[in-house]
Amino acid sequence: MLDNETKLIQRLFLVLAAVLIAGCAHGPRTAGLKQGGFTTVLIDPGHGGKDNGGTSGRRSAPFLREKDLTLDTAMRVRDILNHAGVRTVMTRDGDYFIELDDRVAMANRLGNGAILVSIHYNATGSSAPRGVQTFFWHANSHGLATRIQQNVVQSTGEYNNGVTRRRLRLTRNPQIPCVLCECAYLTNPAENAKAAQASYRQLIANGIANGILQEYRLGDQGIPSVPEIWAPLSKGSEKRE
Ligand SMILES: [Zn+2]
């Protein structure tokens with residue numbers, strides 16, 4: 001009788017221990033430390049204040065300024081991420097100007113555990129170019145760029161200009177993973193008309209946020225790796241973005 005009781009207690013103890021060990025492996029210890037290795041997203045609405053960024057052109061209807069669309073889209077991305085429990089910081093939350101180097105400094109102050117996602121809308125001299133394009137420089141930002149690009153294209157059905165490795169101040173200089181997404185062309189009449197609609201900017205924001213959340217959960221799993229390429233810091237005299 002006693003023997004049986006002892007065995008039962010031993011068995012219960014083993015089951016309890018197994019549950020505790022499993023709990024440690026999959027539960028509290030890994031919570032908040034997802035594969036992407038970040039907990040904070042610095043969202044950067046491009047331009048602002050005296051810097052309109054690109055525009056759709058004075059004769060276009062409606063006339064849109066990049067700085068307004070980037071702020072609106074960034075706030076939508078922020079809301080989705082916050083709802084999903086991811087901490088966010090905005091480089092700006094109103095219509096004021098911040099130097100690119102100050103945006104880089106904000107990223108570097110956040111440091112380890114943060115990523116930077118810069119949001120832009122494209123403009124050019126011709127009405128033909130269209131679509132979405134995401135830029136990165138560092139090898140540790142390729143997965144994030146790929147996921148954002150794929151998700152914005154999927155969410156909006158926009159033309160896919162792909163992921164491009166380009167040394168910009170906001171892709172080269174921050175010491176944290178960083179990407180820059182050009183969401184649509186304001187100089188393309190069809191895309192300008194779509195960008196004017198809040199519902200369409202929500203689709204863009206959904207895509208950006210989904211890409212970030214995928215990277216948060218999975219890290220670079222399934223993304224082809226690229227070699228790191230050293231380059232000097234990007235200077236203001238070299239690039240406009
Ligand atoms: Zn821009």
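This report walks through the fold of a predicted model, from its overall layout down to a single loop residue.

## Overall layout

Let us start with the chain as a whole. Its secondary structure comprises seven helices and six strands. Followed along the sequence, these elements come in the order α-β-α-β-α-β-β-α-β-α-β-α-α.

Two figures help to set the scene. The chain has 241 residues, and 42% of them count as buried. Among contacts with a separation of 6 or more, 81% are between residues 24 or more positions apart.

## Strands 1 and 2 with helix 2

Strand 1 covers residues 40-45 and strand 2 covers residues 87-90; the two pair in the parallel sense, with four bridges between them. If you would like a place to find this pairing in the structure, look at valine 41, whose bridge partner in strand 2 is threonine 88.

Helix 2, residues 66-83, joins these two strands in a β-α-β unit, and the unit is right-handed.

## Strands 4 and 5 with helix 4

A second parallel pair is formed by strand 4 (residues 132-136) and strand 5 (residues 160-165), again joined by four bridges. Here phenylalanine 136 is the residue to look for, as it stands opposite arginine 165 in strand 5. On its way from strand 4 to strand 5 the chain passes through helix 4 (residues 142-156), making a right-handed β-α-β crossover.

## Helix 2 against helix 7

Two packed helices are described by the angle between their axes and the distance between those axes. For helix 2 and helix 7 (residues 198-218), the axes come within 8 Å and cross at roughly 50 degrees. Helix 2 is therefore oblique to helix 7, and their crossing is right-handed.

Which residues meet where these helices pack? On the helix 2 side they are Leu69, Asp72, Thr73, Arg76, Val77, Ile80 and Leu81. Their counterparts in helix 7 are Arg201, Gln202, Ile204, Ala205, Asn206, Ile208, Ala209 and Ile212.

## A closer look at asparagine 173

Is asparagine 173 buried or exposed? This residue sits in the loop between helix 5 (169-172) and strand 6 (178-185). It counts as buried because it has 22 C-beta neighbours inside 10 Å, where 20 or more are needed.

Beyond its neighbours within four places in sequence, asparagine 173 is in contact with Val104, Leu233 and Ser234. Lysine 235 also makes a handy landmark: it is 62 residues away from asparagine 173 along the chain, while their C-alpha atoms are separated by 9.1 Å.

Technical notes. Residues are numbered from 1 along each chain as its sequence is written. This is a predicted model: local features need pLDDT of at least 70, side-chain atom pairs count only at pLDDT 80 or more; totals for chains, interfaces and linings use all residues. Two strands pair if DSSP finds at least two bridges between them. A crossover is right-handed if, with the strands pointing away from the viewer, the path from the first strand over the helix to the second runs clockwise. A residue is buried if 20 or more other C-beta atoms lie within 10 Å of its own, exposed if 12 or fewer, and partly exposed in between; C-beta atoms are placed from the backbone. Two residues are in contact if their C-beta atoms, placed from the backbone, lie within 7 Å. Axes are lines fitted to C-alpha atoms, for helices over the stretch in contact, and angles run from 0 to 180 degrees between N-to-C directions. Angles under 35 degrees count as roughly parallel, over 145 as roughly antiparallel, 65 to 115 as roughly perpendicular and the rest as oblique. A crossing is left-handed if the near helix is turned anticlockwise from the far one by less than a right angle, and right-handed if clockwise.
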